[in-house]
Amino acid sequence: RIEAWLMDDCTDDQRLPHKLQPNQPVTLEGLQEIGVFYLKLNADIYENDPELQKICEDRGYTYMDIITIHPDKLPNYEDKLKMFYEEHLHVDDEIRYILEGRAYFDVRDKNDRWIRIAMTKGDLITLPAGIYHRFTLDETNYTKVMRLFAGEPVWKAYNRPADDFEVRQKYLNQLR
Ligand code: KMT
Ligand code: NI
């Protein structure tokens, strides 16, 4: 099962869980309400997984690559992590599949509070175009992630505020 929770306001080490006291969990349904979808796959067989292939066919994911995020393995590691943790949105869906290790995806809920989603091996998540989000490693400092994309990938991130973007307005309208 996926684990997600509302975050505290503490701005120290982003790699810590930052749960509220007492914890306020967010359910799968709670994530669906804001357009975030989650699914569990067998990451041991990602290279030849009929389930993954079917998802790609059904949703038109024609692009995929794999990025290893670790101080020794990713060029400009510090800068990139800093960038990933800036609150931003994209004009396309963000689809990520954790092949190894763990990571956090934070998304804004309807009340503009941060929800932290704990992703581990086998977790595939889709963040809708226009949602504000950010990404960080946890204390283990390592993950291997597959990035999927429908069509030619567009990595451009627009940092908040990006409220005037059409994709942002469209996303907000879908919430209502
Ligand atoms: C993004 O846009 O948030 C990212 O690509 C970072 C998470 S996956 C390496
Ligand atoms: Ni993003």
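These questions and answers walk through a predicted model.

Me: Which element gives the largest share of the largest nonpolar core?
Reply: The largest nonpolar core has 25 residues. The elements that give two or more residues to this core are β5 (94-108), β6 (114-120), β7 (123-127) and β8 (133-137). The largest share, seven residues, comes from β5.

Me: How many bridges join β5 to strand β9?
Reply: β9 covers residues 143-149 and runs antiparallel to β5. Ile-98 of the pair stands opposite Val-145 in β9. The bridges joining β5 to β9 number six.

Me: Which residue in β6 stands opposite Arg-102?
Reply: β5 and β6 pair in the antiparallel sense. Seven bridges link β5 and β6. Opposite Arg-102, in β6, stands Thr-120.

Me: Which residue in the turn between β5 and β6 has a positive phi?
Reply: β5 and β6 form a hairpin. Five residues lie between these two strands. In that turn, a positive phi of about 65 degrees belongs to Asp-112.

Me: Which residue stands opposite Ile-95 in β7?
Reply: β5 and β7 run antiparallel. Four bridges join β5 to β7. Opposite Ile-95 in β7 stands Thr-126.

Me: Where in β8 is the residue opposite Ala-103?
Reply: β5 and β8 run antiparallel, joined by five bridges. Ala-103 is also among the residues with the most contacts inside the largest nonpolar core. The residue opposite Ala-103 in β8 is Leu-137.

Me: Which residues does Leu-127 touch, not counting residues up to four places away in sequence?
Reply: Leu-127 is one of the residues with the most contacts inside the largest nonpolar core. Two other residues of that group, Phe-105 and Val-107, are among those it touches. The full list for Leu-127 is Val-36, Asp-93, Glu-94, Phe-105, Val-107 and His-133.

Me: How do the residues of the shell around ligand 1 divide into nonpolar, polar and charged?
Reply: Ligand 1 is surrounded by Ile-67, Phe-84, Glu-94, Arg-96, Phe-135, Val-145 and Ala-157. Glu and Arg count as charged, while Ile, Phe, Val and Ala count as nonpolar. The shell therefore divides into five nonpolar, no polar and two charged.

Me: Is helix α2 largely buried or in the open?
Reply: Helix α2 has ten residues, 50-59. Gly-60, with a positive phi near 75 degrees, follows α2. The number of α2 residues that are buried is one, so the helix lies largely in the open.

Me: Is Asn-76 buried or exposed?
Reply: Asn-76 is in the loop between β3 (63-69) and α3 (77-84). Asn-76 is not a glycine, yet has a positive phi of about 55 degrees. A residue with 12 or fewer other C-beta atoms within 10 Å counts as exposed. Asn-76 has 9, so Asn-76 is exposed.

Me: What does His-18 count as, with 19 C-beta neighbours inside 10 Å?
Reply: His-18 is placed in the loop between β1 and α1. His-18 has a positive phi of about 55 degrees although not a glycine. Buried needs 20 or more and exposed 12 or fewer. With 19, His-18 counts as partly exposed.

Me: Which residue does a cis peptide bond join to Pro-161?
Reply: Pro-161 is found in the loop between β10 (158-159) and α4 (166-175). Omega of the cis bond is about 5 degrees. The residue joined to Pro-161 is Arg-160.

Note on methods
Residues numbered from 1 in each chain as written. Chains lettered and ligands numbered in written order. Predicted model: local features only at pLDDT ≥ 70, side-chain atom pairs only at ≥ 80, totals over all residues. Near = placed C-beta within 6 Å. Core = buried A, V, L, I, M, F, W, Y, C linked by C-beta atoms within 7 Å. Contact = placed C-beta atoms within 7 Å. Pairing = 2+ DSSP bridges.
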